[in-house]
Amino acid sequence: MIQEPVTVSTGQVGSVLIVDDHPLYGDALGAALRNEYPGCRIETAQSLRAALKALDDGFRPDLVMFDLKLPDVRGISGFLSLRERMPDLPILVISSLTSTDVVHALMDKGAAGFLPKDACSDVLRKVVGSIVAGERYVPTAYQKAEDTVPSEGAGTGTKLDELTPQQQKIMRLICSGKANKQIAYELCLAEATVKAHITALLRRLGVQNRTQAAMMMESSLAAGQTTDPDALAFLTH
């Protein structure tokens, strides 16, 4: 698996197709790209169907920035459809949270890279420059779960089972990529309360951040220790 590039490549970007169903995030990506690549043509699509139509209409971008969670796709099926339509087009998958197995599957299926949505603009600049120069990118945080999460053997499933019902709900939403504000809205809680629950569940699981918690969930899935439907969503596309 290709890891983070050590040096920054300086490939030019003349056009980008941003596929994301959140207009504000898509606009922010577009603004960051225009700031780094003046004159870059940016096209946006809020669904796979709209993205494919843009390509059918003749738009040939240098790069596609693709969100996995679109209204008309499930799992990595949208990525696979786009990859099949344009096999030579570099696709940088951007997602708020997903499992390492999914990241590895994406790379195996031809993705140019994977970038978490919480990455800063400086990282985005380096990654885009590397990809358009022909390199591939995977953050070190998305190595195999057993290499990044403390091993607890058979205790992993037990730790997850020890979460309170509210913590389990929050864990499911974390695994589906929800931000704290979204979790607070869906559970009718104050955002500060959500943060307190997350701090408590991370401590209970013995991990340091949300990514490691999700990886622990993935390890439990792989061992057959959970059948949580939200955690399974991307693994059963």
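**View 1. Strand β4 of the predicted model is mostly covered**. Strand β4 spans residues 91–95, and 5 of its 5 residues are buried. Ile91, Val93 and Ser95 point one way from the strand, while Leu92 and Ile94 point the other way. In a regular strand, side chains alternate between the two faces of the sheet.

**View 2. Strand β4 pairs with β3 and with β5**. Strand β3 (residues 63–67) runs parallel to β4, and 4 bridges join the two. Asp67 has Ile94 of β4 as its bridge partner. Between these strands the chain passes through α3, and the resulting β-α-β crossover is right-handed. Strand β5 (residues 113–116) is likewise joined to β4 by 4 bridges and runs parallel to it. Here, Ser95 has Pro116 of β5 as its bridge partner.

**View 3. Helices α2 and α3 are in contact**. The axes of α2 (residues 48–56) and α3 (residues 77–85) come within 11 Å and cross at roughly 10°. Because angles under 35 degrees count as roughly parallel, α2 is roughly parallel to α3. From α2, the residues Leu48, Leu52, Leu55 and Asp56 meet Gly78, Ser81, Leu82 and Arg85 of α3. By class, this contact of α2 with α3 comprises 4 nonpolar, 2 polar and 2 charged residues.

**View 4. Helix α8 is followed by a glycine with positive phi**. Within α8 (residues 165–175), the buried residues are Gln167, Ile170, Met171, Leu173, Ile174 and Cys175. An α-helix has 3.6 residues a turn, so residues three or four places apart point the same way. After α8 comes Gly177, with a phi near 90°.

Conventions: Residues numbered from 1 in each chain as written. Predicted model: local features only at pLDDT ≥ 70, side-chain atom pairs only at ≥ 80, totals over all residues. Heavy atoms only, no water. Buried < 20%, exposed > 50% of the residue type's maximum accessible area, 1.4 Å probe, protein only. Axes fitted to C-alpha atoms, helices over the stretch in contact; angles between N-to-C directions. Parallel < 35°, antiparallel > 145°, perpendicular 65-115°, else oblique. Contact = heavy atoms within 4.5 Å. Nonpolar A, V, L, I, M, F, W, Y, C, P; charged D, E, K, R; others polar. Pairing = 2+ DSSP bridges. Right-handed = clockwise from strand over helix to strand, strands pointing away.
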